[in-house]
Amino acid sequence: MRAYRQYTPDQSFLLPPSLTDLIPEGDPVFFLRDVLQRLDFEPFHRVYRSERGQPPYHPELMVGLYLYGAMRRVYSSRRLAELCSRDVACMYLVGRATPDYHTIGEFRQRFTAELKGLFLSVLVLCREAGLVRLGHVSLDGTKVRANASKHKAMSYGRMQQREPVLEAEIASWFEEGKRQDEADDDEHGPDDDGWSLPEELKESSRRLEKIRQGKARLETQARERAEAEGNDPAMAVVADKAQTNFTDPESRIMHTPDGFQQCYNAQAVVDAGSQVIVACEVSAAPPDVQRLVPMLQQLSANTGQYPAQLSADAGYASEANFAALAEANVHAVVAMRRYHRDEPPDADPAAIRSSNRWPHRNEMRERLASPEGKAIYKLRKQTVEPVFGQIKSARSFRQFLRRGLPAVEAEWSLLCTVHNLLKLQKALAAV
């Protein structure tokens, strides 16, 4: 028989080994451990100052768990709790602590704003390392599925049809219940519990309540939209096709490569030199055109300056956006629309519009047709789109776990923070 390497899984150690000796040298846990010691956890500590009861886990431990979990493509509270008990690198990071999934989930809900603020702290570290140059940045959005099914959405017109049906169904159940109660009283006496709702009636009542809440939500949105547009809120009318989702009302039906799905619109501005994300947000509005100005303002707030160049696809094209970019002195190259391969750019019928009415649009069209503009626009595809690919494929993040806009914003911010951390680790390792 051929000799084999020694195999003794039940062999005891004379001295317990150090966890760091069992972790591969290039594991990002060592880099993350160093970064955590440089972050400011004062916002977390302020929340705990007036707390009573058992001492909580240190915020550095919990934040490290979330960040390392995302590096390992683990996001759910139960999987993170399992990681603390089974993964050697995670055991080292959390100091052999074993928070249960309730504690992990509650921390994420309680510190939504504080976790979102970590993005800026890590971005500062990237700037100190020279990874944020802002010579050229690219802006784009990607649709990320919400934690809700599109089949749990209903239009306003459909709600108006279903509400009276359910009301009549519930009324008939009460009439039937009253008739049966009277019959039971005659047979068994008045002490019999005949008023307990049957399961069918409970389900109908639940559906009716959700429909009423959905109608009220759509009507409120219509009034707020009318007021923002300077119209009389009392005269606001809800379109029959306006929809709301019963599971996550803030999410929207959006078009994706997989068809129409219940989604959020995740935005990112990426530095071309390092693929570091310098601004990020989540919107419930499907169109990208509304997000250019807010993202430009966030970029300026995060870095203290505007970029020299910016590229974006046709989803961000509008005269107002072009004017805002010009006012910020940003040399932008934003696509106008897709052309056929054999169609010259000047075939766009919009080019004949008055230059007085559309000065920025016409200037952008000329810029796109120039060799310099074409070279700048080519940077977009190799700057921002790979970042979304890394987040969705390498990090396996294709659907939000939480519900509601503030919660998914914190989730997206955490993903962008982890992306920047990995870029920073790679850059420092190459020095």
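In this predicted model, helices H11 and H12 cross in a right-handed sense. Helix H11 spans residues 292-303 and helix H12 spans residues 319-327, and the two pack with their axes 10 Å apart at an angle of about 20 degrees. Because angles under 35 degrees count as roughly parallel, H11 is described as roughly parallel to H12. On the H11 side the contact is made by Leu 292, Val 293 and Leu 296, while H12 contributes Asn 321, Ala 324 and Leu 325; by class, these are five nonpolar residues and one polar residue, with no charged residues.

Another helix pair has a steeper description: the axes of H3 (residues 59-71) and H16 (residues 405-429) come within 10 Å and cross at roughly 75 degrees, which makes H3 roughly perpendicular to H16. Here H3 supplies Tyr 66, Leu 67, Ala 70 and Met 71, and these meet Leu 414, Thr 417, Val 418, Leu 421 and Leu 422 of H16. This contact divides into eight nonpolar residues, one polar residue and no charged residues.

From helix packing we turn to the second largest pocket, which has a volume of about 500 Å³. Of the 19 residues that line this pocket, Gln 221, Arg 225, Gln 243, Arg 252 and Ala 284 are the closest to its centre. Helix H10 (199-228), strand S3 (243-245) and strand S4 (252-256) are the elements that each give two or more residues to the lining, and the largest share, four residues, comes from H10. By class, the lining of the second largest pocket holds eight nonpolar, six polar and five charged residues.

Notes. Residues are numbered from 1 along each chain as its sequence is written. This is a predicted model: local features need pLDDT of at least 70, side-chain atom pairs count only at pLDDT 80 or more; totals for chains, interfaces and linings use all residues. Side-chain values use heavy atoms; hydrogens and water are left out. Axes are lines fitted to C-alpha atoms, for helices over the stretch in contact, and angles run from 0 to 180 degrees between N-to-C directions. Angles under 35 degrees count as roughly parallel, over 145 as roughly antiparallel, 65 to 115 as roughly perpendicular and the rest as oblique. Contact means heavy atoms within 4.5 Å. Ala, Val, Leu, Ile, Met, Phe, Trp, Tyr, Cys and Pro count as nonpolar, Asp, Glu, Lys and Arg as charged, and the others, Gly among them, as polar. On a 1 Å grid over the protein atoms alone, a cavity is a set of points where a 1.4 Å probe fits but cannot get out, and a pocket is an open set with protein on both sides within 12 Å along at least five of seven lines; lining residues have an atom within 4 Å of a point. Grid points are joined across faces, edges and corners, and a volume is the space filled by probe spheres set on the points. A crossing is left-handed if the near helix is turned anticlockwise from the far one by less than a right angle, and right-handed if clockwise.
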